[in-house]
Amino acid sequence: MPTAKKPAAGRKPRPKKCPDCNGAGEITETVRVGARKGRATDDRQTGLCLTCWGSGEATTD
């Protein structure tokens, strides 16, 4: 006799990922050098995602 499956009552839905950082909480930016032209270099730096404030979760509107 097969047993009936129990419903997943305690499971929380996963929050959506932030569209800007893809859920990482950090974004990478190209380093620019120079006052006038702002030449882009090959170097990159990471920073806190300002859309989700580093949580990686999408904000609810």
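Here are legends for three close-up views of this predicted model. Local features need pLDDT of at least 70 and side-chain atom pairs count only at pLDDT 80 or more, while totals for chains, interfaces and linings use all residues. Residues are numbered from 1 along each chain as its sequence is written, and side-chain values use heavy atoms, with hydrogens and water left out.

**View 1. The hairpin of E1 and E2.** Strands (E) are DSSP runs of at least two residues, numbered from the N terminus. E1 (residues 26-33) and E2 run antiparallel, joined by seven bridges; strands pair if DSSP finds at least two bridges between them. Val 33 has Arg 39 in E2 as its bridge partner. Five residues sit between the strands, and Gly 34 takes a positive phi near 110 degrees. E2 (residues 39-48) is hardly covered, with zero buried residues among its 10.

**View 2. A nonpolar patch on the surface.** Leu 48, Leu 50 and Trp 53 together offer about 400 Å² of accessible area, computed by the Shrake-Rupley method with a 1.4 Å probe, with only the protein chains shown as cover. Patch residues have over 30% relative accessible area and no salt bridge (a side-chain nitrogen of Lys or Arg within 4 Å of a carboxyl oxygen of Asp or Glu), and nonpolar side chains (Val, Leu, Ile, Met, Phe, Trp, Tyr) are joined within 5 Å. Leu 50 lies in the segment after E2. It counts as exposed because its relative accessibility is 62%; exposed means over 50%, buried under 20%, partly exposed in between (1.4 Å probe, protein chains only).

**View 3. Cysteines without a disulfide.** A disulfide is a pair of cysteine sulfur atoms within 2.5 Å, and the count here is zero. For Cys 18, the nearest cysteine sulfur, that of Cys 21, is 3.8 Å away. Cys 18 is buried, at 1% relative accessibility. The sulfur of Cys 52 is also too far for a bond, because its closest cysteine sulfur, in Cys 21, is 3.8 Å away. Cys 52 is buried at 6%.

Conventions
Helix = DSSP H or I, 4+ residues; strand = E, 2+ residues; numbered from the N terminus. Patch = residues over 30% accessible without salt bridge, like charges linked within 9 Å, V, L, I, M, F, W, Y side chains within 5 Å.
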